[in-house]
Structures are given as C-alpha cells and as structure tokens.
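Here is a quick tour for someone meeting this structure for the first time. Take a look at it, then read on.

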Amino acid sequence: MADLPGRLLDATAHFLPAARPDWGRAMRAELAALEGRGERWRFAGGCMRAAITQFRLLRAAVHLAVVLGALGTVLAWAATIGFRPLVWPLDAVVSVLAVVCWQARRAAMLGPLGNGAIAWLLRAAGYLLAGGIAAVCVSHARATTGSESENGVGLLVGGVVVVAYALGLVLVCARSGRATAQLRLTAVGCGAVAALTWLLGAVFVPPIPASTWWALALTGTAAIAALSMNLGTPRRALLAALLSGAITLALVFCAVVLLAQYGPDAVIPAITPQALPADRIAESRIEIVDPYILVLVLGGLVATALGAAAVITRRPRPA
Amino acid sequence: MARTRRPSAQTLAVLNALAEDPATWRYGYELGRQVKLAAGSLYPILIRLCDRGLLEATWEDEPPQGRPPRHLYRLTGSGVRWAAELAQEPAAAPARPRLREA
C-alpha cells in the first residue's frame, strides 16, 4: 500500500489535464525510485505544486471564484430593485454574461485577438468594467435616499447593457465565429436603416412616439431583413438577426436620448399633463426616455443572446 | 522556429545540463539534483520543452524488479541547436543590487 507521499502524488496525478497522462506516470515512477522519507515528501510536494500552479488549475479556480463572486454580488443587488419586471431580464443578462465570462477563459476564444497584448488589455478592461459594476452595486446596496437608489439602478442597468453589447460585438467579430464580414455588414446595415427610419419618422412626423411599438416593429423588420440576406446556414441567419436587432435597439435608444436632450420642442410629445404649462416640455423631455428603457433592456438581452449564440455556434478548435 | 525571448535561468540550467551529453537519456530526479531544482520547478520546464519539440521523452526499457519504468529525457535536434545558440548569446545583464546588498 502506498505511503502518504505516494497517495499525495496519486491524488496530484488526478489533477493533471487529460492530455498529460504520461507526466503523472513519470512523477509516480520517480517517486517509486526514491527511498528517503524526507526526500519523498519534498518530491511529492514539488509535484503537487507543479500540478496546481503550472497547469492552470489555480488560475481556473480564481477565475471561477471571481465570476461567481461578481455574479452573486450583482444578483443580490438586483434583487433589491423595486421594479420587479426589470429584475428578471437583469438576472438573465447577468447570468448569461457570467457564463460567457467563464467560457472566455478558453484560449483564443476572442479569435482575432488571440493571446497577445491587445487580448490581454481587452480582458483586463473587461474585468475592470465587471469590477466597476460590482463596486457600484456594493456602494449602492445601502442607499439611504430614493434618488441614490435610482442612480444605483440606472448605473447597474446601464453597466450591464454596455458589458452585454461589448461582449456580443467582440464575440461576433471573433475569428473562430461563424459571422463573415458580409454578414456583419448586412446586419449592421439593416439595423442602421431601421434606426434611421425611426429617426426620420420622429423628426418629420413628430412627435417621438410615446409607445415603443414602432421601434420594436422596426427592430423585428430589420432582423427579418438581415436574416433573409444570410440564409446560407441557420447559424449565420441567427447571428445576423440578433446582430441587426441589437444594433437597431441601441441606435433607437441613443436617438431618443439625443432628441429628448437636444431636439426641437416639436418632437417632444406632451406626456406630462399634470405639470405646469411652462414646465410641460422640460418635464416631457425627461419622461419620454422612460418608456424607451424597455428598448435599452431588450437591447441588452438581444446583445447577450448574440454573445451566447456566437460562443455556441463557433467553429471547434483544431485538435 | 520563432523564438525571441531568452528562457529563464532555470530553463537554461536544464538545457545546459541536457546539452552536456545530448545523446544520453536522463531521468527527472537525477536532472533536478544536478541543476538544483525541485520537482515543482523542474516538471513544468520539462513539459514546456517537450511541448515545443525541444525535448523528447521515452520510458525506461528494463526497470529494476518491483519499480515502474521511469520517464527519460534528452534534447531533440532542435533542442540541441537552440541550446547551442543560447550558449553563444551574451548572458542577460545581472540584476541590479538591492539597496540592502549595496
């Protein structure tokens, strides 16, 4: 029966990646040739250190802890949001983002970026952004005023949507992905045309619609158009539809924010009848953005789906 | 073979030890003793060198009774050439002395 160093080395060998079976055997064979008790312990301990630190197990464990920690923090904060319809989409987006982050540890997942300095910087920026969101959540977890709480929710939603878009767009541009340059061009083009149609409607047939149905209908149309231009394979059609939808929703939301801030009074709908006549336009400029928060959240969901679809449909890594 | 970075001092020590007699198969524990590296440092180096095609490995043919065959290592042709190139390069500048040592 093996002594303790032998058992330690047996356990260590289990931690070695499947592609390294010879090295576990080699370590055990070396140990079998050693006789001194102290020497056996030192050798087995050294092998364990090699297995843990050099075979990415430790890095994988830290990565998992960071992802799960950030996920737990954000979900805990999201649970305190008063507006319940927002909580489930937010939870879904954050959970999918966590899965994508976990998968991102796979080498060369971000295709064209590989393992060079740019890839390193991009990943570092991603972690900083994720850390920033977690920090905002923590700092707003004990908000004392309604205004602080609202700001926290706004930052949380905005941050999650930005991360979702960043991940979705990076992943759909990955070399290992199925999206071709033509697919990206047609999808972005359809999204841009749909958003431009919405903008022209708001400017030339004012005011900005107080309901989001028009924006959602155009988003659906753009997705169908992009899909029909990329019918080669179902995977590409799916990516095109999602990319087009995400682009449309993001551009429409940006257009609403810009028009509400800088647009002429004529494009602002009167949606605050309770306000004083002198304040109605100013109040309506603030209030008209609220219905379009749905567009922003939907955009985050679609971008998350885009990132997940890009990961699921990517080409297998060469052996 | 694109290789621009000079390897670590430990890797160099392993390469030099193996390059002393490239035809001879060496086993890990003996090599570690020679270059004064513990298993935790030696095996990752051996694995990296193997992965890069600089080191070849085989199993001992006739191990003593009751002991499993050991893994044996020696440099490949590329490994021998790389070790020779490194031996001709000027060594890296010595580390600056720390204040305490100055």
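A residue counts as buried if 20 or more other C-beta atoms, placed from the backbone, lie within 10 Å of its own, as exposed if 12 or fewer do, and as partly exposed in between. By that yardstick, 35% of the 319 residues of chain A are buried.

A word on the source: this is a predicted model, where local features need pLDDT of at least 70, side-chain atom pairs count only at pLDDT 80 or more, and totals for chains, interfaces and linings use all residues. Residues are numbered from 1 along each chain as its sequence is written, while chains are lettered from A and ligands numbered from 1 in the order in which they are written.

Chain A has 12 helices and zero strands (DSSP runs numbered from the N terminus: H or I of at least four residues for helices, E of at least two for strands). Contacts (C-beta atoms, placed from the backbone, within 7 Å) often span the chain: of those in chain A with a separation of 6 or more, 71% join residues 24 or more positions apart.

Now for the meeting of the chains: 17 residues of chain A are in contact with 14 residues of chain B. H2(A) gives the most to chain A's side, with eight residues.

Chain B has an open sheet of three strands, ordered E1-E3-E2 with antiparallel pairing (strands pair if DSSP finds at least two bridges between them).

| Edge strand | Residues |
|---|---|
| E1(B) | 26–27 |
| E2(B) | 55–59 |

E1(B) pairs with E3(B) (residues 71–75) over two bridges, and Tyr27(B) sits opposite Leu72(B) of E3(B).

Note on methods. Two residues are in contact if their C-beta atoms, placed from the backbone, lie within 7 Å.
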